[in-house]
Amino acid sequence: MKFELLKTDDNARLGQITTSHGIIETPIFMPVGTVGSVKALTQEMLETLGAQIILGNTYHLYLRPGHELIASLGGLHKFISWPHPILTDSGGFQVFSLSEIRKTSEEGVIFRSHLDGSKHLLSPERSMEIQLALGSDIIMAFDECTPYPATLEQVEESLELTARWARRSLAEFNRRTASSNGMSENSALFGIIQGGMYLKMRQRSLEQLLELELPGYAIGGLSVGEEKGYTYDITEYTAPLLPTHKPRYLMGVGTPEDLVECVGRGIDMFDCVMPTRNARNGQLFTSQGKVNIKNAKYAKDDRPLDENCECPTCKRYSRAYLRHLYHTGEILSSILCTQHNIHFYLDTMKKIRQSIRLGLFKEFRQQYLASLSRVS
RNA sequence: GCAGGGGUGGCCGAGAGGUUAAUGGCAUCAGACUGUAAAUCUGACACGCAACGCGUUACGAAGGUUCGAAUCCUUCCUCCUGCA
């Protein structure tokens with residue numbers, strides 16, 4: 001993996017990540033495909049929409065169908081027929097989201113499978129083994145996504161654990177790939193900064209992880225229920241302290257506004273479940289703001305969802321039809337709505353990149369944010 | 001005609017004298033969703049109002065018994081099943 005910083009415009013950065021499965025233009029949004037599928041979309045559709053990289057999840061793919069099975073079938077890219085870049089999350093987020101059914105120790109985390117209740121240990125070593133078996137282009141260190149709210153002491157303890165796990169992740173990565181710097185021919189290991197909502201703790205976490213000189217860094221533990229101001233403040237504080245010539249990934253963020261705001265604070269990569277999940281629940285993102293397609297007011301509305309949108313959904317179908325599909329529970333509802341939302345997110349990133357290229361990011365940001373608050 | 005069983009809020013369906021404006025489910029309306037245990041979850045859902053309270057009307061219809069009835073009695077309307 002190689003990262004080139006092509007241009008900056010204030011704090012916004014235009015760059016390019018080269019992996020063995022292709023080039024990623026940054027800033028980028030990465031659709032989430034937890035179990036080897038971006039829900040409701042085919043790989044063909046993702047390609048048509050211009051997705052450059054998608055996510056997979058260590059915990060979920062380990063449970064089903066199993067990383068060994070995937071490895072025996074030639075790796076995740078081949079298994080799901082996605083010849084483009086893939087990033088896998090380490091399972092660190094499941095430490096947070098499955099807190100009811102897991103137990104954390106120094107060694108790692110014991111999960112009770114949400115599928116059958118069986119016990120499984122996920123550790124830095126295990127996470128590396130799984131992600132390498134999957135053949136992921138970008139591998140995330142195994143971390144603990146610190147919950148919110150948390151006291152200073154809790155945050156400190158959590159970030160220290162994440163740092164120790166990061167060291168172990170790196171050691172295991174190097175051991176398995178016979179490399180020395182978290183970067184093999186096929187994969188690169190990214191570290192994750194924790195530290196809750198405390199700037200000092202963020203700095204501490206950052207210093208610990210920078211020592212490892214990993215090929216890329218992520219900011220984790222945001223958008224976990226905190227007030228929006230924190231998300232931006234922590235990002236604004238943390239991002240500039242990360243190495244200039246390495247990619248910066250803000251994990252799990254966010255809304256369209258978040259993307260623009262955080263590119264403006266120096267972020268290169270984003271992923272979020274929001275466009276896909278919300279699409280399935282009838283909430284669509286448009287150039288004029290959010291639209292709840294289930295609302296009665298769209299029953300007789302024969303306009304396209306977003307008149308400014310070039311996606312296959314908007315070019316062909318009406319709001320009335322989309323509402324009908326949602327209300328009748330048709331599978332096509334999820335498909336068309338997800339297609340639109342992913343298009344909207346990817347298109348936003350494309351416009352962001354273009355504006356940075358032209359040195360007009362600030363103008364774009366202002367105009368974009370203003371348009372989102374229009375009534376639709 | 002005889003025997004038996006029913007009619008409950010938009011629909012289905014509980015409740016069998018008093019915390020019942022009436023459990024549930026569906027439908028409807030609105031909201032939420034941020035490294036996916038999510039095609040999920042939450043709220044509203046008789047009507048009116050100066051509305052975390054008050055008033056009115058409600059369990060096929062009309063009477064009645066009772067301090068009190070969707071729940072008991074009478075008549076009527078109506079639906080279903082079996083036998084003729």
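Trainee: Which residue in E11 is the bridge partner of Ile 138?

Mentor: That's Ala 188. Keep in mind as we go that this is a predicted model. Strands E10 (residues 138-140) and E11 pair in the parallel sense, over three bridges.

Trainee: And which way do the residues of E11 point, and are they buried or exposed?

Mentor: Ala 188, Phe 190 and Ile 192 point one way, while Leu 189, Gly 191 and Ile 193 point the other way. All of them are buried. In other words, E11 (residues 188-193) is mostly covered, with six of its six residues buried.

Trainee: Where can I look for strands that run antiparallel?

Mentor: Try E15 (residues 283-286) and E16 (residues 289-292), which are joined by four bridges. Gln 283 has Asn 292 as its bridge partner in E16. Together E15 and E16 make a hairpin, with two residues between them.

Trainee: Okay, let's zoom out. How many helices and strands does chain A have?

Mentor: Chain A has 15 helices and 16 strands. Its radius of gyration is 20 Å, close to the 21 Å that the globule rule gives for 376 residues, so chain A is as compact as a globular protein of that length. The C-alpha trace spans about 60 × 45 × 40 Å along its principal axes.

Trainee: What share of the residues in chain A count as buried?

Mentor: It's 51% of the 376 residues. You can also ask how far apart in sequence the touching residues are. Take the contacts in chain A between residues at least 6 apart in sequence: 68% of them join residues at least 24 apart.

Trainee: Which residues touch the most other members of the largest nonpolar core?

Mentor: The general idea comes before the case. In soluble globular proteins, nonpolar side chains tend to be buried together. Here the largest nonpolar core has 105 residues, and Met 30, Ile 54, Phe 190, Ala 218, Leu 250 and Phe 270 touch the most other members. Helix H14 gives the most to this core, with nine residues. To see one member up close, pick Phe 270: leaving out residues up to four places away in sequence, Phe 270 touches Phe 29, Met 30, Leu 250, Val 253, Gly 254 and Leu 259.

Trainee: What about helices: how many residues of H10 are buried?

Mentor: Seven of the eight residues in H10 (residues 256-263) are buried, so to speak of it as mostly covered is fair. The buried ones are Pro 256, Asp 258, Leu 259, Val 260, Glu 261, Cys 262 and Val 263. For a second helix, look at H13 (residues 319-327), where the buried residues are Arg 319, Tyr 321, Leu 322, Arg 323, Leu 325 and Tyr 326. These buried residues of H13 pack against H14. Just after H13, Gly 329 takes a positive phi of about 70 degrees.

Trainee: Which residue has a positive phi although it is not a glycine?

Mentor: One of them is Asp 10, with a phi of about 60 degrees. Asp 10 sits in the loop between strands E1 (2-9) and E2 (12-19). Ala 40 is another case, with a positive phi of about 80 degrees, and you'll find Ala 40 in the loop between E4 and helix H1 (43-49).

Trainee: Is Ala 40 buried or exposed?

Mentor: Count the neighbours. Ala 40 has 20 other C-beta atoms within 10 Å, so it is buried. Asp 10 has 14 and is therefore partly exposed. Arg 374 has 10 C-beta neighbours inside 10 Å, so Arg 374 counts as exposed.

Trainee: Where do I find a cis peptide bond?

Mentor: Check omega. A cis peptide bond joins Thr 26 and Pro 27, with omega about 0 degrees, and Pro 27 lies in the loop between strands E3 (22-26) and E4 (28-31). The bond from Arg 64 to Pro 65 is cis too, with omega near 5 degrees.

Trainee: Last one: how many residues surround RNA strand B?

Mentor: There are 47, and the closest are Cys 145, Ser 223, Gly 252, Gly 254 and Val 273. By type, the residues of this surface divide into 16 nonpolar, 21 polar and ten charged. Elements that each supply at least two residues include strand E5 (54-57) and helix H14 (331-357).

Terms used
Residues numbered from 1 in each chain as written. Chains lettered and ligands numbered in written order. Near = placed C-beta within 6 Å. Nonpolar A, V, L, I, M, F, W, Y, C, P; charged D, E, K, R; others polar. Core = buried A, V, L, I, M, F, W, Y, C linked by C-beta atoms within 7 Å. Buried ≥ 20, exposed ≤ 12 C-beta atoms within 10 Å, placed from the backbone. Contact = placed C-beta atoms within 7 Å. Rg over C-alpha atoms; globule rule 2.2 N^0.38 Å. Pairing = 2+ DSSP bridges.
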